[in-house]
Every structure is written in C-alpha cells, then in structure tokens.
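Hi everyone, thanks for making time for this. I'd like to walk you through a structure that is new to most of us, so settle in and have a look at the screen.

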Amino acid sequence: MRPRLTEALPCWSRRFLSSASDERSRYDEERMTYFLGLDAGGTSTRAALAEDERILGRAKNGSIKVMRVSSAQAEANLRALLDEVAKSSGVAITKVASTCVGTAGNTVSTVTGWIWKTLGPLLRGDLVVCGDVEIALDA
C-alpha cells in the first residue's frame, strides 16, 4: 500500500473537509483519485492535474507569490490557473483529492498563510505546501 501524499512528504499539510462530519481524506486507493500539483515560481505558476501517474491537463499563468505580486494579482492568477487546468483536464478542482504547492519561501508565514487562506477554501481535499527544493527533486 502506498503512503498517502500528505504522509509521504515532509511538508506543511492540512486537510480541507467537504463537510463538518467528514473526517477522512478524499484520497482513496480503491477509486479514481485526482491530484493537483502547483509550482509557484516568481514569474509564473505551472499546474498539472493527474490521475494516479497519468497527467490529464496542464496550465501556466502568472505568479501567485505574494512576495513578487500583489495579493489581488496573485489571487486573479491563481483562479485563472485553476480554471485553465480544470478545463484542459476535464476535471473539476472540487474533485481533486490532494493538492501540493511547491514554492520558495514556504517557511515564511506571509507566503504560506496566503496559500492556505486563498487556495484552501477552493479545494475539497488535502493541501500540502512544500519548498521548491522538494518538488524539484521529485520532478
């Protein structure tokens, strides 16, 4: 049995529940599970939405790093990115079981706080925030 994504990565993680009574992750090895990966760079942000090991869609948009662009611009870029990757994959973001964001500055509360506050409510599954070093090594 594979470890859940949130158990396998030494990163900050939080589970976003679909309802107050739902205490388990949307990650389920017995059914189709979707994963979303975001690489939050200083000039652009890239996303890939996958089912197990098969990438279903990709997207690229402006930076979501609040140390480089305003919060309003970062949020607009994030929403456009999510819309684009959902459209290219044919999978609604609310169906994603686990999302991983790789970014420089993942130990800076301004960076991670904005990600939790802005991206978290848009998701229905787990959210993991890692440093860009972890995602670069896995790529």
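**A short tour of the fold**

Let me begin at one small spot: leaving out residues up to four places away in sequence, Ser 88 touches Leu 56, Gly 57 and Arg 58. Please keep in mind that this is a predicted model. Ser 88 sits in helix 2, and its relative accessibility of 38% makes it partly exposed. From Ser 88 to Ala 59 there are 29 residues in sequence, yet 7.5 Å in space, C-alpha to C-alpha.

Now let's step back to the whole chain. The protein chain has four helices and six strands. Reading from the N terminus, the order is α-β-β-β-β-α-β-α-β-α. There are 139 residues in the protein chain, and 46% of them count as buried. If you take the contacts with a separation of 6 or more, 62% of them join residues 24 or more positions apart. As for the outside, the protein chain exposes about 7,700 Å², with carbon and sulfur atoms supplying 50% of that.

So what is in the middle? The largest nonpolar core has 27 residues, and the ones touching the most other members are Leu 36, Leu 38, Leu 49, Ile 93, Ile 115, Leu 119 and Leu 127. Two or more residues each come from strand 2 (34–40), strand 3 (44–51), helix 2 (71–89), strand 5 (96–103), helix 3 (109–119) and strand 6 (126–131). Which element gives the largest share of this core? That is helix 2, with six residues.

Let's stay with helix 2 and see how it meets helix 3. In general, two packed helices are described by the angle between their axes and the distance between the axes. Here the axes of helix 2 and helix 3 come within 11 Å and cross at roughly 50 degrees. That angle makes helix 2 oblique to helix 3. The crossing of the pair is right-handed. On the helix 2 side, the residues involved are Ser 71, Ala 74, Glu 75, Leu 78 and Leu 82, and they meet Trp 114, Thr 118 and Leu 119 of helix 3.

Two of those names deserve a closer look. Leu 78, in helix 2, is buried, with a relative accessible area of 0%. Apart from neighbours within four places in sequence, Leu 78 is in contact with Leu 38, Ile 64, Trp 114, Thr 118, Leu 119 and Leu 122. Its C-alpha atom is separated by 9.9 Å from that of Arg 46, 32 residues away along the chain. Leu 119, with the same kind of neighbours set aside, is in contact with Leu 78, Leu 82, Thr 99, Val 101, Trp 114 and Leu 127.

Before I finish, here are two loop residues. Is Lys 65, for instance, buried or exposed? Lys 65 lies in the loop between strand 4 (54–62) and helix 2, and it counts as buried because its relative accessibility is 14%, under the 20% cut-off. Not counting residues up to four places away in sequence, Lys 65 touches Ala 40, Gly 41, Gly 42, Thr 103 and Ala 104.

The other is Asp 52, in the loop between strand 3 and strand 4. Asp 52 has a phi near 55 degrees, a positive value in a residue other than glycine. Its relative accessibility is 43%, so Asp 52 counts as partly exposed.

That's my tour, and I'm happy to turn the model around for anyone who wants another look.

Conventions
Residues numbered from 1 in each chain as written. Predicted model: local features only at pLDDT ≥ 70, side-chain atom pairs only at ≥ 80, totals over all residues. Heavy atoms only, no water. Buried < 20%, exposed > 50% of the residue type's maximum accessible area, 1.4 Å probe, protein only. Contact = heavy atoms within 4.5 Å. Areas by Shrake-Rupley, 256 points an atom, 1.4 Å probe, with all protein chains shown as cover. Core = buried A, V, L, I, M, F, W, Y, C linked by side-chain atoms within 4.5 Å. Axes fitted to C-alpha atoms, helices over the stretch in contact; angles between N-to-C directions. Parallel < 35°, antiparallel > 145°, perpendicular 65-115°, else oblique. Left-handed = near helix turned anticlockwise from the far one by under 90°.
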